[in-house]
Amino acid sequence: EALDAVEKKEKDVNSFVTVMRKEALERAKEVQEKIDNGELTGPLAGVPVAIKDNMCTKGTLTTCSSKILRNFVPTYTAQAVANLEEAGAVIIGKTNMDEFAMGSTTETSAFGPTKNPWNTEHVPGGSSGGSCAAVAAEECSYALGSDTGGSIRQPSSFCGVTGIKPTYGTVSRYGLIAYGSSLDQIGPVAKDVTDCATILEVIASHDTKDSTSVEREDYDFTSALVDDVKGIKIGIPKDYFGEGLDPEVKEAVLAAAKVLEQKGAIVEEFDLSLVEYAIPAYYTIACAEASSNLERFDGVKYGYRAKEYQGLHNMYKKSRSEGFGAEVKRRIMLGSFVLSSGYFDAYYLKALRTKALIKKAFDKAFEKYDIILGPAAPTTAPKLGESLSDPLKMYLGDIYTISVNLAGLPGISLPCGTDSKGLPIGLQLIGDCFAEKKLIRTAYAYE
Ligand code: GLN
């Protein structure tokens, strides 16, 4: 059914870079046999899933939606994906994304933009736009996305689906092609909170192959699926409801807070200062790390190599110039600049200090509140083409999601209504580090 839906909808939505029809059908048969003889019993056995194309899948193209990796077939599988396979998941394809996960609309993909299934004149958000659109269009039951500055939560909000960005270190980054290593985290995108909790339970694991992987006390998230928020303290940052927030989004998010209040949560406004510094700090750190991470794509070891060149340096230069798109180049240049001698202290170091202050501000908030509630994005999905011409405006759209990555916190985005154009609005809940259970419980109670 999923593959049939893909066949029917892909020409309009373009959620996939690679559809694995043959492999998926074979795999489904194999899994069914294992289910029949009792070898596979978990909730994900036989369920079709789509994987964002920045996660390595052994033997299957993994492009990061970039020309530079258009022929890259990894020899190993990302740990999060391997965990799914072990649970009997059936991978039906790899989803479209902003090139190297840099963007907020899935328009920077080298393989054409993904469209929002709610209205194909609009973007699905990004960078996990393919994963979120595939779930919204019912081309798969769920998908994996990655979130460096909002790339799971913002497209989930634009596509009317639910997505979790877990606490940094919860899901192994082994085999996730790095963008900003200190911020990147893989997470589930699904129809509802129950599915997300079920998937997170499978993909989260301690992994010695990822030095930033954390060994958590337990990996049980589904026990938090209880419809009870009595006594949960919810803080609403006033700073999240100021200038730039669409009034329809504001209204829907505040109405969601009311629902939780009526169910017994204690809801209060507070000042979460430093919000205005999150964007410059994030783009400084993310670009710095990206400029280093993307050094490996030089046309030598793997990936695209220019056809004609004179000598080694010219080969590097031409391969990278031809292989990377405009947004990726912009970020490599910005990142190299803020790391260069003479500017390092003024930009990169300052951004790191800002990051520490943001973490402190959250720590203080979590002394008082269990959950922080706000919008996932300032607006609903813009029209295709609207954001590309103005990168700064696009960066400003990340205002509510990026500080969560800077502080390493878990966050969830779930639908809380639609605007007058009929486009979905996303509610964001943020928890303290390792407080996924509280987050899931609150989201579940709202839903
Ligand atoms: N929009 C943000 C960026 O472009 C976030 C992307 C992400 O989370 N991968 O960096």
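This briefing introduces a ligand site, a set of annotated positions and two helix arrangements in the structure above. The model is predicted. Around its ligand stand 13 residues, and three positions, Lys 52, Ser 127 and Ser 151, carry the annotation "active site" in an unreviewed UniProt entry. Elsewhere, helix H6 is largely enclosed by the rest of the structure, while helices H8 and H10 cross at roughly 100 degrees.

**The ligand and its surroundings**

- Of the 13 residues that surround the ligand, the closest are Ala 101, Ser 104, Thr 148, Gly 149 and Ser 151.
- By residue class, this shell around the ligand is made up of seven polar, four nonpolar and two charged residues.

**The annotated positions**

- The UniProt record, which is unreviewed, places its "active site" annotation on Lys 52, Ser 127 and Ser 151; these positions are spread over 100 residues of sequence, yet they cluster in space, with a largest C-alpha distance of 11.0 Å.
- Lys 52 belongs to strand E2, which covers residues 48-52, and this lysine counts as buried because 33 C-beta neighbours lie inside 10 Å.
- Once neighbours within four places in sequence are left aside, the contacts of Lys 52 are Thr 95, Met 97, Ser 128, Gly 130, Ser 131, Leu 144, Gly 145 and Ser 146.
- Ser 151 sits in the loop between strand E4 and helix H5 (153-159), and this serine is buried, since 36 other C-beta atoms lie within 10 Å.
- Not counting residues up to four places away in sequence, Ser 151 touches Ala 101, Gly 126, Ser 127, Ser 128, Gly 145 and Ser 146, and Ser 127 is itself one of the annotated positions.

**The enclosed helix H6**

- Helix H6 spans residues 193-203, and because 10 of its 11 residues are buried, the helix is largely enclosed by the rest of the structure.
- The buried residues of H6 include Asp 195 and Glu 201, along with others such as Val 193, Ile 199, Leu 200 and Ile 203.
- The elements that cover these buried residues include the helices H3 (79-86) and H14 (436-446), together with the strands E4 (142-147), E5 (162-165), E6 (185-190) and E10 (411-418).

**The crossing of H8 and H10**

- The axes of helix H8 (residues 275-293) and helix H10 (residues 326-339) come within 7 Å and cross at roughly 100 degrees, which means that H8 is roughly perpendicular to H10.
- The residues of this contact comprise seven nonpolar, four polar and one charged.
- On the H8 side the contact is formed by Thr 284, Cys 287, Ala 288, Ala 290 and Ser 291, which meet H10 residues including Arg 331, Ile 332, Leu 334 and Val 338.

Definitions and conventions. Residues numbered from 1 in each chain as written. Predicted model: local features only at pLDDT ≥ 70, side-chain atom pairs only at ≥ 80, totals over all residues. Near = placed C-beta within 6 Å. Nonpolar A, V, L, I, M, F, W, Y, C, P; charged D, E, K, R; others polar. Buried ≥ 20, exposed ≤ 12 C-beta atoms within 10 Å, placed from the backbone. Helix = DSSP H or I, 4+ residues; strand = E, 2+ residues; numbered from the N terminus. Contact = placed C-beta atoms within 7 Å. UniProt positions renumbered as here; feature names shortened; annotations may be inferred. Axes fitted to C-alpha atoms, helices over the stretch in contact; angles between N-to-C directions. Parallel < 35°, antiparallel > 145°, perpendicular 65-115°, else oblique.
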